[in-house]
Amino acid sequence: SANNFLMQTQADIINAPVNRPECVETTAMGAAYLAGLAVGYWESLDHIKSQWGVDTEFTPKAAEEDVNTLKEGWADAIRRTLTNK
């Protein structure tokens, strides 16, 4: 995603680095890579892997207490949604 807030939030919630690739259109690129591999344009999966690059790495920054509050709020919203069928 090109959305910095979303990428940082994901890194904070999973407590792990999240890498945004140089090309954020990964679905289209994946299809193109597979098609190119099928017709011999790409030599191998390793050749395709060498084309991938990181634009930005988002590292966890939020306090554990804040992350827990967000997760509890999310769980509560899911519970309320499921009980209001």
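**Figure 1. Salt bridges in the predicted model.** A search of the whole structure, which is a predicted model, finds three salt bridges. One of them joins the side chains of Asp 55 and Arg 20, with a nitrogen-to-oxygen distance of 3.3 Å. This pair links distant parts of the chain, since Asp 55 belongs to strand β2 (residues 54-58) and Arg 20 to strand β1 (residues 18-21), and the two residues are 35 residues apart. The partners also differ in burial class: Asp 55 counts as partly exposed because its relative accessibility is 46%, whereas Arg 20, with a relative accessible area of 7%, is buried because that value is under 20%.

**Figure 2. The salt-bridge network of helix α4.** Which residue of helix α4 forms a salt bridge with Arg 80? The partner is Asp 76, and the closest N and O atoms of this pair are 3.0 Å apart. Both residues lie in helix α4, where they are four residues apart, about one turn of the helix. Salt bridges that share partners join Asp 76, Arg 79 and Arg 80 into one network. In the contact between Asp 76 and Arg 79, the side chains meet at 3.8 Å from N to O, and these two residues, which both lie in helix α4 (residues 64-83), are three residues apart, again about one turn of the helix. Asp 76 is partly exposed, with a relative accessible area of 30%, and Arg 80 is likewise partly exposed, its relative accessible area being 47%.

**Figure 3. Aromatic pairs around Trp 42.** A search of the whole structure finds two aromatic pairs. In one, Tyr 33 and Trp 42 are arranged edge-to-face, with 5.3 Å from centre to centre and 75 degrees between the planes. Tyr 41 and Trp 42 form an aromatic pair that is also edge-to-face, with 5.0 Å from centre to centre and 90 degrees between the planes. Tyr 33, Tyr 41 and Trp 42 thus appear in one aromatic cluster. Are the members of this cluster buried or exposed? Tyr 33 and Trp 42 are both buried, and for Trp 42 the relative accessible area is 14%. Tyr 41, by contrast, has a relative accessible area of 61% and is exposed because this value is over 50%.

**Figure 4. The largest pocket and its lining.** The largest pocket of the model has a volume of about 220 Å³. Its lining is made up of 14 residues, and those nearest the centre of the pocket are Met 29, Tyr 33, Ile 48, Gln 51 and Trp 52. Tyr 33, listed here among the residues nearest the pocket centre, is also a member of the aromatic cluster with Tyr 41 and Trp 42. Which helix gives the most to the lining of the largest pocket? Helix α2 does, with five residues, and α2 (26-38) and α3 (45-49) each supply at least two residues of the lining. Sorted by class, the lining has eight nonpolar, four polar and two charged residues.

**Figure 5. Helix α2 and the residue that follows.** The 13 residues of α2 should span 18 Å at 1.5 Å a residue, and the C-alpha atoms at the ends of the helix are 18 Å apart, so the expected and modelled spans agree. Within this helix, Leu 34 counts as exposed because its relative accessibility is 58%. The C-alpha atoms of Leu 34 and Ile 48 are separated by 9.2 Å, while the two residues are 14 residues apart along the chain. Just after α2, Gly 40 takes a positive phi of about 85 degrees.

**Figure 6. A positive phi at Asn 15.** Most residues other than glycine have a negative phi. Asn 15, although a residue other than glycine, has a positive phi near 55 degrees. Where along the chain is Asn 15 found? Asn 15 is found in the loop between α1 (4-14) and β1. With a relative accessibility of 61%, Asn 15 counts as exposed because that value is over 50%.

Terms used:
Residues are numbered from 1 along each chain as its sequence is written. This is a predicted model: local features need pLDDT of at least 70, side-chain atom pairs count only at pLDDT 80 or more; totals for chains, interfaces and linings use all residues. Side-chain values use heavy atoms; hydrogens and water are left out. On a 1 Å grid over the protein atoms alone, a cavity is a set of points where a 1.4 Å probe fits but cannot get out, and a pocket is an open set with protein on both sides within 12 Å along at least five of seven lines; lining residues have an atom within 4 Å of a point. Grid points are joined across faces, edges and corners, and a volume is the space filled by probe spheres set on the points. Ala, Val, Leu, Ile, Met, Phe, Trp, Tyr, Cys and Pro count as nonpolar, Asp, Glu, Lys and Arg as charged, and the others, Gly among them, as polar. The expected span of a helix is 1.5 Å times one less than its number of residues. A salt bridge is a side-chain nitrogen of Lys or Arg within 4 Å of a carboxyl oxygen of Asp or Glu. Buried means under 20% relative accessible area, exposed over 50%, partly exposed in between (1.4 Å probe, protein chains only). Rings of Phe, Tyr and Trp (its six-membered ring) pair if their centres lie within 6.5 Å; planes under 30 degrees apart count as stacked, over 60 as edge-to-face and the rest as tilted.
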